[in-house]
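Dear colleague,

Please find below the structure that I am handing over to you. I would ask you to look at it first and then to read the notes that follow.

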Amino acid sequence: MPRAKITKSFVESVPYKDGGQITFCDTELAGFYLVVGKTAKTYIVQKDLRGRSVRQTIGRHGQVTTAQARDVAAKKLFMISQGIDPNETQREKDIDNITIAQIFENYCLARKSMKPRTKADYTYYLDFYLADWKNKRVASITKDEVVKKHIAVGTKHGHVVANRSMKLIRALINHAIKTYDLNITNPVSYLSHIDGWFKEKPRTNYIKSKDLAAWWVAVDDLSNKDYRDFFKLLLFTGLRRTEALSIEWKNVDFNERVIVIPETKNGDPLSLPISDFIFDMLRARFKKYGHRKFVFPAKSKSGHMMEPKKGIKKVIETSGVSFTCHDLRRTFATYAESLGISEYAIKRLMNHRVTGITGRYIIIDTDRLREPVNKIAEYICSNVDVQKT
């Protein structure tokens, strides 16, 4: 190995190699090297530690000066002489600085079976309810911060959202502990120790038929027609919010009059027949947005509309009828039951699995669901005094 006093003038005078690399060993500081390649001149430090060679890159010439590189090399070599591996020290530093956003990315990559819908839901929670925590260091989160955040999210967005947000953080921190051998106690577990989780009562709210007309008028009065169509789609189909928001035009079959939801909560794809009212609504949207990927396109990271809360708030203020997106799904199911539609048909429309021995023998295909769908649509239209079309 060639030896030379590694100075600025020497480094700048050494020509780049046409192929391969050449390494120069410093004559004054043993363990300090210059590696010259085809396009870069790089400073490194290398020394044996407990029978193995420890090597660390300091930086490229031009990004660091020769004097800076020599100073860093001296410090690294001193650490090695004291039995400290600078690579391990750097790794510990990197781990200590890992953020919620970084561990989330690793978490999603590690969970090979994670469905795109699940990742989208988790991303939604991080972006909308935990945005100020995304760049927070995992190791820095305290139990007091967890309690305060939990209460803050619960106060602003509801108890269910707060619980789910903290459970996501708990899962991410557990993943970080296992992946990087972090010597910390998961601070979210403190909520269990103090019985701090919000009590979640099963929601039973739906839009009663006597309130439907007022709700409908308020929806029609919305200046944002995407909100208008979205709320009506949920009411007439019983789809989940995320399923409806992410419908792509390629999954709308106008000839067969069905919407296909390939990724659902239970993993079973859903082919849902649509009523005349929704058919006409989608045809109108297709004329305007058919060149876009999604039925409800938006300038968002996902490419589709994400959060209809402003529309919900406006409708509630105008009509006095309180509701959520999931309440519309519950309303759809409630109307279906009141019309005498069979439990098996309702489960298929809601994409719930039909359990039990008898259920296994009952096959309800898409065509058999058309009559229930149209029956529900007629009931809705009659209560809001509009024609199906």
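Two residues are said to be in contact when heavy atoms of theirs lie within 4.5 Å. With that in mind, consider serine 165, which lies in helix 7 (residues 159-180). Leaving out residues up to four places away in sequence, serine 165 touches Tyr125, Tyr129, Leu130 and Val153. Serine 165 has a relative accessibility of 0%, so it counts as buried, the limit for that word being under 20%.

Confidence in the model

Please bear in mind that this is a predicted model. The mean pLDDT of the protein is 89, and 92% of the residues score at least 70. Confidence is highest in helix 10 (residues 225-237), with a mean of 97, and lowest in helix 16 (residues 357-361), with a mean of 47. Where pLDDT is low, the predicted coordinates should not be read in detail.

The sheet

Five strands form an open sheet in the order 1-2-3-4-5, and their pairing is mixed. At its edges are strand 1 (3-4) and strand 5 (52-60), each of which pairs on one side only. Helix 2 (residues 66-81) packs on this sheet and touches strand 2, strand 3, strand 4 (41-49) and strand 5. The direction of helix 2 makes an angle of about 15° with that of strand 4.

Strand 2 (residues 22-26) and strand 3 (residues 32-36) run antiparallel and are joined by four bridges. Within this pair, threonine 23 has valine 35 of strand 3 as its bridge partner.

Valine 36 also belongs to strand 3. Is valine 36 buried or exposed? Its relative accessibility is 0%, and therefore valine 36 counts as buried. Apart from neighbours within four places in sequence, valine 36 is in contact with Val14, Pro15, Tyr16, Lys17, Gly20, Gln21, Ile22, Phe24 and Lys41. Threonine 23 is 13 residues away from valine 36 along the chain, and the C-alpha atoms of the two are separated by 6.3 Å.

Strand 4 and strand 5 are likewise antiparallel, with eight bridges between them. One of the bridge partnerships here is that of glutamine 46 with arginine 55 in strand 5. The two strands form a hairpin with two residues between them, and in this hairpin arginine 50 takes a positive phi near 50°.

Positive phi angles

Most residues other than glycine have a negative phi. Besides arginine 50, which was mentioned above with its positive phi, two further residues deserve your attention. Aspartate 195 has a phi near 55° and is placed in the loop between helix 8 (190-193) and helix 9 (209-220). Aspartate 195 counts as exposed because its relative accessibility is 54%, the limit being over 50%. Arginine 257 also has a phi near 55°, and its place is in the loop between strand 6 (252-253) and strand 7 (258-261). With a relative accessible area of 29%, arginine 257 is partly exposed.

The nonpolar cores

In soluble globular proteins, nonpolar side chains tend to be buried together. The largest nonpolar core in this model has 57 residues, of which Trp215, Phe230, Phe231, Leu235, Phe236 and Leu282 touch the most other members. Helix 10 gives the largest share of this core, namely seven residues. A second, separate core has 30 residues, among them Cys108, Val138, Ile173 and Ala176.

What does phenylalanine 236 touch, when residues up to four places away in sequence are not counted? The residues are Trp216, Ser275, Phe277, Ile278, Phe332, Ala377, Ile380 and Cys381.

Threonine 99 and the cysteines

Threonine 99 is found in the loop between helix 3 (86-96) and helix 4 (100-110). Its relative accessibility is 12%, so threonine 99 counts as buried. Leaving aside neighbours within four places in sequence, threonine 99 is in contact with Lys134, Asn135, Lys136, Arg137 and Val138. Val138 also appears in the second core.

How many disulfides does the structure hold? The number is zero. Cysteine 25 has a relative accessibility of 10% and so counts as buried. Cysteine 108 is buried as well, with a relative accessible area of 12%.

Yours sincerely,
A colleague

Key
Residues numbered from 1 in each chain as written. Predicted model: local features only at pLDDT ≥ 70, side-chain atom pairs only at ≥ 80, totals over all residues. Heavy atoms only, no water. Disulfide = S-S within 2.5 Å. Buried < 20%, exposed > 50% of the residue type's maximum accessible area, 1.4 Å probe, protein only. pLDDT = per-residue confidence, 0-100. Core = buried A, V, L, I, M, F, W, Y, C linked by side-chain atoms within 4.5 Å. Pairing = 2+ DSSP bridges. Axes fitted to C-alpha atoms, helices over the stretch in contact; angles between N-to-C directions.
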